[in-house]
Structure formats: structure tokens, C-alpha cells
Amino acid sequence: MSCPFHHPSPPLAKPQEEHPPKVDADADVGEGEPIPHPPEKWLVGNIQELDPSFAVSSFWRLAEIYGPIFSLNLVSRKVVIVSNFELINEVCDDSRFEKFVSGPQESVRVFVKNGLFTSYSDEEEWGIAHRTLLPVFGPIHVRQMYSQMMDILSQMVLRWDRFGPDNRINCTDEFTRLAFDVIGLCAFNFRFNAFYGDDIPLFAKQMAETLVEAGKRSSRLCIENQLRFQSKNHMMDNIHAMWKVCDDIVAERKANPRPDVNDILNVMLHAKDPVTGKGFTDENIRYQMATFLVAGHDTSAGTLNFLWYNLLQHPEALQKCYAEVDAVLGDRPLELDDVSKLKYIEASIRETLRYLGPIPALTRHAKGGKTVLLGGKYKVGPSDAVIVNLKGLHHDPAVWGDDVNEFKPERFLDGGFERLPPNAWRPFGTGVRSCIGRYLAEQEITMAVALILQRFVIEAADPDYQLKVKPTLTIKPDGFFIKARRRPGKGHLFTFTFTGGPAPAPHPPADTSSKPDANSGSGSGSGKPMAIYYGGNTGTCKSFGEDLETAAPNYGLAVPLQVQSLDDAVENLPRGRPVVIIASSFEGLPADNARNFVAWLEARAAAPGNSTLLAGVEYTVFGAGNRDWAATFHRVPRLIDGLLEQLGATRLFPAGFVDAGRDIVGPFEEWKAGLFARLREVGGVTAAVKTDEMRVDISHPDTPSKLAGEPVSEGLVLLNKVLAEQGVGPEKRQMDVLLPPGVEYRSGDYLAVQPFNPRESVARVLNRFGLHPDDLATVTGTTKEHLKSPAGNPVSVYELISTRVELATPASQRQVATLASLSQSADAERLGALASDDTLYSKEVLGKRFSIIDLLEDFPSCALSFASYLDMLSPLAPRQYSISSSPLAQQAVPAASTAFSVSSSSSQDNKASLTATLTYDVYSGPSLSHPPVPFRGVASSYLASLLPGSRLRCFVRGTNAAAKFRLPADPTAPVIMVAAGTGIAPMRAFIQDRAAIASARPGGARAVLGPAFLYYGCRDHASDFLYADELAAWQAQGVVTVRVAFSRNPPPTSPTSSSPSEDGGQYAQGHVDELLWRDRDVLRPLFHDHADARILVCGSAARLSRTTAETCLKIYQEAHPDQTRAQAEVWLQRQKEDRYVSDVFG
């Protein structure tokens, strides 16, 4: 074996003459800045900086000292270690860097030679294996391995159960058995029977010894490796023994062919590389088998080890995993479709791989013999090994935040994973040399965790165990043991039902030497013909195409020429039959069997005169991709879709897309159903579909209606945007809500919303009473409808607290007295004083809005039970918001074209949906009871949290005040509108009414509308002047005259006028009541001389309502000096019966 520290040119172990001479590109990149590095020692450079048994741990230590980049002189080579996202993102650029087989990987080549993991990128064997085996490891083929995985997993679960709850389970050994057997059965249909002996299989033991020795040899000097000939001889004995096992498996398969077995071995024995036409040699098959067993078992086993260590160190995460398994599986067997539903387990696996995974580093180097600048300033030569420190990448606060050292699966939920920048999470490697077995590992690990959690209570055998990492080719916890105790209620034996079976043998590569005419061929069956083409490297797209082909006859359709690759469609797209194209992106590029097709489309689209080239082609596209590569997600299918249209083809059905890293089946099934319906329609197929139609009826809880006192419907959030940031006042938002079909409203009405309590408030209650969110509560002995559960069933305490009761209502004096009676010593005395002294209670409890939970936290000795606490709380009431949109100003949307169509009953199909807009403040700030603790308004914070697409419980509530908070019925009647802040909401709706009327009637606003004035109070012209542009436009149209009072900052060069009769907007510093008083000579006759004139007021009851009424009294008294104050108040009260209407809040 060659010395890993003496290689004159890359790749390190290959003869120098096989590679081009090094190109000195220093002149192109300049001098650069020196890369930080530890001091070097004579003869040995920086070798003594490395722990020879665990070199990566030295990288971690040095990165903390020298920062995100440093270099090491290892005598015969230089390594550069990068440890932050900024630099690693650059190193992951496949156009500049590529995988560098060196160090431990170089050393292990003595065993696996040119297998996929350790081959050099320019070796022909790597290209053959990569192109041929990539589809076998795609998600569709991996799904077909479900039954084999369940076979092995059942053995492990049964073994654990039989050994009993006191058995110390060695995680390293046990998960090695599991991963080893899964690879053996799935890849070679060979059973190592690892769970049927006391020791791990001999092959696995020999492999572990080989990997340890290889790792040590990569960190030693050449002379030391030469002197350790005994350890080398032992390693070679192990290697030859393992080779013999691989060779024997191949020989047995050749002697007894198994064409019915859909395993990787059959592919290697029979498949040909579509590029070179070559197959695998027997020798290379041996090395590939060894590679699968090395890389496949070690990474999966290591991940399971770290995962269970992390979950046991974080019981809250472990319990969430249990809850998810119970919710998804219950007591029934795990089915294949369940795997994609285990989202929290998926997040826990991802967080484990981030926190500390089995692969600690990647090694890259500059491509093409070039010297490059890294980070724009650090010179890196082509022979320099650039080591990507994955721990540094996955713990970079710039990407992961200040809690990088916490184990938090939640960071990968709710879109967190999707929001990561490219190359921020790279546990499976990067680029074309990333792990080919990722999907297999993820499915195997998820299934293992689910079955273990469903069956056992897992605990650490040594509660005081401190993590110790054991390095081989990978890393894993050393000496970590657990115990597995059967969960209560689980039977003695578990019946595993395998829903999968052996997959069909792979088809030989298609002969594309002669392409059939796409417009010819009758095929089998008598259905309407269609054509299906696919482009993909992993087999997923082809599988989707075959699924369509199989299902087509049930819908009266047929695929005469079977499923073909996209390259078969170059200049051969059929006309006269629908064309279905299924394609993926591979690092943003077309798949190998679609490159020619895409290039053909691009070339034709770029050439002039081709806008009708594909006229007559009717097509649809479905894209399969993985969101992990967010920058290129679905790039190719979207490109194909657009190019076909550009070339004159007709889109027959909207494109569909699926994320192969998540639910790979559901979106495709939905798209397929719509596609077949469309194809039957255009093809005139009237025969009945042969498959049954499933029906799903959704029921809604009755609790919201109980709380609201009237039926509650459901709205769909279309828009939720910030109108004004928090600053001079609270944050102000606009939300557009699509109402259910048939729900109507008028301007001036309210939308009542049933909110949830803020999570922080709920958490305080749970913590105070020692409850877990998924604890179940059964409420009895009460007549309070809002606390009862349907049919007496238990309800989670989280739902009970968050959706049914008010948490922030100030405690009553009687309640404070009850708390005092349940408290001790000083607490009882202080609470008793609050309860008995009216003045003290008003000041300290009501004035500071002390809720019951506030008091319980301040007086911890109070022994109030959870049941008594619930009994004290009032029902969570709906909050109503003035609707700030007009139904006259919008086109109602037909129910069939909205999201409600999937759940609405047929009686609603002929009805339409209106959109209601809310304009609201988001109340947040220091609480009065505990200033350091933030206060969040119950309803406003709930509304602010809703994203477009969210659904909320709501209903329309008509205006109060005897339905007088409306515009005058006669549009020519004068109206004076007074509002402040978000009180503009109903005024905006009224003005939209007037604008709609003006645009619909001849003559325009001035001909059909009476005078209307809006007096609007804001704080700052630049911060919270809501709907300024809309108001300016309406004023220009003559719909309304706008007068705005800015209490703090008016526009710096705003026009001012002494009278509202002047043209242009009037802005002034001050308050609305001051503007009303100044304009009294214009407003008084408007109101006095027109019996139908109306004053509408919306805003704060404490400020706007009071000052507006006071100003009206002053205006009246000025015109009637003989009237007393009391007489003026009588007059105003009469106006409030029908002409002066307020809608005030707070």
C-alpha cells in the first residue's frame, strides 16, 4: 500500500504520468493572504497537532483556535480546513472543486479499491457504477425494499423483546447488525443472520478491524506504517476473507440465476452502462459489494447511535417522537405510507446529522489543476486537500442562530429545513459524489425508530454516560448502552404485515438504436392513445410513467409505445395524442436520458421562426425534485414546460410537481387524478372508470359555535401583510379572508374571529400545573358547555387551555379571596389584603390587569387545583373586527374555483365566495402586571401569526346600533366620517362603496354622490398613514374629501388650507377634533340642512369618541348660544339615535 503522505500530484495514489502536469495559476489569482496555521516543527511540520487515532477531533480543536480557515503542513502534503458556511459554500461549488480521495478514504482503497465511495472521479469504473446504480438507489426502488427492511427490523424487535427489560443493549453492535443485514438482504438477497448469534457476523468484525487500521494508517508517517507489518498482515488477512465472501455470493448467483429478485446484485451482473455500453467486471462487483457494506452499514448504524443518545439526553424531544408514532401508527403495523408522515422523527434525524453525525468531514480539492482563491483572498493549490469540517458548517451561528449547540429538531420543522441556504446542511456529502444510498438510509432509520418507539420504552442503561466518540472510517458513540422495556398494553408478540413484495427484475437497457415513430403503433388495448416520456437518473420518473401506463386502461386510455425516455422524443413528439412528460432536475441539469431533448428544445426556441414548430402537440409536464437543492428545485421540468409552449405546443393540463425528499406519492396521485379526468374529457371517453371513488367527509368541532353563541364557519387567509411597522404605534396589518361560499356581508359589518391563546400564555399555565401539552383531560361535574368534550371523550390539555378559556382576564375580587384561602403565611396575607381592600384591588389587580395565572406565579404557595382554575375562567370569546372592504368593489369568486370546492357540499356549488379585508392593530408590549414579561393581544397576535393558506374560524356579524352604522341609503346625502388608526377600516369599506357607485353610474362621482368628508387621525405621515395612496386616488376622483391630522409628524411640505372646500388634501399637525372645529362652518350646514346626513365615528372610545362628541357639542352651542350645556347634550343624544353613529373600541 502506498504512503498517504507522499503523493506528488492528485489523485494521491495514482501514478504521476496518468495526470496532466500541474498548472501554475498563481499569476491569475495573485499572492493572496496567508492562511492561518499553527507553528510548524522541524521535520514533522504540524503532524504532532493531530491525534493519530482521531484526527478530526484535532480539526475541531484547531478551528476554535484559528477560526474558519487554517492550514496544516503534514510534511508531504498540505491540508486546508474550512469550518464556516461562507467558505464551505464556495468549496461545494462543483465547477471549481471536486472530491479528493485522500487520508482515511485513500487508506481504505486497499479493501474497496475503485468502489463508488473511494474511486477517483476520472476513473471509468466510477462513471459506469454511478450511472448504472443511481436509479437503483432512487426513492421508488428504495420503497420497494420496504418488506426486506421490515423482515430485518422484526428480527431486531423480537430479539429485544425476548431478552427482556434488563438486557443491556450495545447500540454499536445492535445497530451494526441491523444495518449490515439490511444491506445484505436489500442489495444481494443474502442473509448474514446477524440477529441469530451472540456475536456480530465475522464479516462485520473483520470489516471493523480493517476500518480502524486503515484510519490509523492514514495518520501515521510512512516509515511507521512500514514498520507495523504485523498489523498490516492481519488487515490483509481480513480483507482477503471478506473478498472471498463477496466472490462466493456472486458465484452462487451466477450458478443459480434469480431473475425474479430485484436487488442490486442482479443489476451489477446484467446491466450495461448507457454511455459506454460496458458492464461491471467480477472484480469491480466485489469492490462495489464491499463498498455498500462499508459505507451503507457504518453511516446508518452511526446515525442511529447518535440519534438515540440525543433523544435520551433530551426527553422532551423523545416524547414528541413517541406522540407522533402513537398518533400515526397506534397499535397497527407500520405501513410504507406511514414513513412520510413521521415528520418529527424526520426532523430529529436531520438534527442528529447536524448536531454530530457519523460523517465528520468531506475532502475536496481545486479542479483542473488550477490554483484558486478561497474566500476571495486565500490561495489554495490543486494538490492541497481542502477538508470541509462538517461540525463547523453545521454549528455556524450565521446560519443556525445562537442556539447552534442545542439539540432542537424543531429547527427543521415548519419550513425551517426549506429555508436553509444551499450547502448549509451537508451530512450526505455534496455534488455528484454525494451519498448514493441516502434514501435507503433515511427510510431504514425512520422505520427503525418508529418500530422501536411503538414497541418499547427506551432508557439509558448508564444514566451518567458521557458521550465518547469512537472513530473508524466514520464516528459513533463508544460504550453506549440502552435498555428496552415493552410499553404497557403491547402484546407479547407483534405481528408484522409486509405490504410490499419482491419487485420485478430490472428491465435491460432499452435499445434506442432505432426509434419508433411516436405517431404510429396501436399497442395493446382499445383505449384512446397517449404518449409518456420520462427523464430521470434515479428511476423515480420512470416509475411514475409506468404507473400512468398501468392505470390508463382503467380510464379508457392506452399507451401504445410504452414509456420511453425523453431523448427518444427528440424530433419525434407525437401529434394527435396527449403527451405526458415526467422529468427531474439533477443539480439543476437534465437527467442523462433527457439532455438531448432539453438541448433540442433550447436550440429550437433560440432560433427564429419556430413559434409554431410544435403546433398540434398537446402536452402536460410533471416534475420530480428534491427541495434540499432549493436553488435548482424543479428547474428542468419548468424549463421544458415553458419551451414547449414557446414552440407552439398546447398545454393540455397544468404542470404538477412533487418533492421526492418528502411525500413522494401524494402529490403525484392528486395530479394523476386530475390528468386522467382531463384526458377523458378531451378524448371523449364516456365509459365508466373501473376504479371506485373514495369519499371523505370532514366534521368540524362544535366548541367554536358554543363559544361564539352562533354558528361559526371557516375562512381562508389569502393575504396577511404589514401596513405599518411597530414604532410610533402598534404594528398595523391587513388580512384578506376568503369567506365560505354563500356567506355575505355589507360595509359596516364585522368579521368575528375565534382566536387561540398565545403559546407563551398556554405554556405558563402548563408549567404552573405541571402538565404536558398532550396530556388528556376529561371534564366532568360541570354544566359549562365550553369545557365539555363531545361524547365525554378526553381532550388534550393544550386544546383545552389554548382554544376554550380566557387566560388574560383580570382576576375578580372573589377569585383573589379564593386564592388567599388556598395560600400560606405571607402569600395568604397579601392576597387577602388585595381581596378585601377595594381601592388596593382596583389599583393593583384591575389597574395592572393581574390575571389568575399572574397571581399564581407571584404567590407560589397557593394550592389551587387545575380543575378549580378552569372553573374560574370564562369562555374564550370571539373578537370582532370591522370589515375594511366593500362587497360592491369586488367580483365574487365561484365556489368551484376556490379552495372550498374540495370540502363544500354540492348545495354550495352554485354559490360564490366573497373576500373580507381586516385592518387591525397587533397589540404587544410590556405587560402591566409584569413589565419584563411581554404582553401579546390574544386575537391580534393570533391573526398576525396566520400565513396565507391558513384557515380560521370566523363568521360575519352585522353592525349594531340598530343597523345604523351604514352609509345613508341615498348616495347624495352628505356623510362625515371620523376615524383614527385602524378605525379607518369601515370607512375604507364605505368609500369603496361610493367609488363603486360612482364608477357604475353615468356622470361620475360629482354627479351621483353627495359630499363626503373623512377626518382621519394618524401619528406620523411616514409610518402609519394607512391607505394614503388609495385615499388620494379617491379624493382625485371626487369620491371623498380627505382631511388628516398628524399628532406627531405631518408631511414636511404638506398643503394646508383653511377650509375643506378648497381643492387638494388638507394635512395638519394636531388631532381630529381640532380639524373638525376648524372646519365647522362647512360641516355645520351640511349636517343641519340635510335630514339624511350622517356622522360615522370609528376609533378609540377613550379618545376619539369622546373628543368628537365634545366638538359636536361645541359646534352646536356656538350656533345656538341660547342653549345650555345640558340642552346641547340632549340634542346630541337625539342625533345618536339615527344620524350620529359610533363604532368604538378599547
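Okay, let's start at Phe 935, which sits in strand S31, residues 934-936. Keep in mind that this is a predicted model. Phe 935 comes out partly exposed, because its relative accessible area is 39%, and partly exposed covers the range between 20% and 50%. It also has company: Phe 935, Tyr 923 and Phe 1145 make a nonpolar surface patch of about 280 Å².

Next up, helix H21. How far apart are the end C-alpha atoms of H21? They are 16 Å apart. The helix runs over residues 635-646, twelve residues, so at 1.5 Å a residue the span should be 16 Å, and the two agree.

Which residues of H21 are buried? You've got Val 636, Pro 637, Ile 640, Asp 641, Leu 643 and Leu 644. And yes, there's an aspartate in that list, Asp 641. As for what those buried residues pack against, there's one helix on the list, H20 (595-606), and then there are the strands: S17 (579-584), S18 (618-625), S19 (650-651) and S20 (656-659). After H21 comes Gly 648, and its phi is positive, near 100 degrees.

Staying with backbone angles, let's look at positive phi in residues that aren't glycine. Take Ser 825: its phi is positive, about 40 degrees, and it is not a glycine. Where is Ser 825 found? It belongs to helix H27, which covers residues 825-836. The serine counts as exposed, because its relative accessible area is 63% and the cut-off for exposed is over 50%.

Then there's Tyr 1027, again a residue other than glycine, with a positive phi near 55 degrees. Tyr 1027 lies in the loop between strand S34 (1012-1020) and helix H34 (1028-1037). Buried or exposed, then, for Tyr 1027? Buried: its relative accessibility is 11%, and buried means under 20%. So on this scale Ser 825 is exposed, whereas Tyr 1027 is buried.

Last topic, cysteines. A disulfide is a covalent bond between the sulfur atoms of two cysteines. How many disulfides does a search of the whole structure find? Zero. Let me pull out two cysteines anyway. Cys 435 is partly exposed, at a relative accessible area of 37%. Cys 862, on the other hand, is buried, because its relative accessible area is just 5%.

Okay, that's my tour, thanks everyone.

Note on methods. Residues numbered from 1 in each chain as written. Predicted model: local features only at pLDDT ≥ 70, side-chain atom pairs only at ≥ 80, totals over all residues. Heavy atoms only, no water. Helix = DSSP H or I, 4+ residues; strand = E, 2+ residues; numbered from the N terminus. Expected span 1.5 Å × (residues − 1). Buried < 20%, exposed > 50% of the residue type's maximum accessible area, 1.4 Å probe, protein only. Contact = heavy atoms within 4.5 Å. Patch = residues over 30% accessible without salt bridge, like charges linked within 9 Å, V, L, I, M, F, W, Y side chains within 5 Å. Areas by Shrake-Rupley, 256 points an atom, 1.4 Å probe, with all protein chains shown as cover. Salt bridge = Lys/Arg side-chain N within 4 Å of Asp/Glu carboxyl O. Disulfide = S-S within 2.5 Å.
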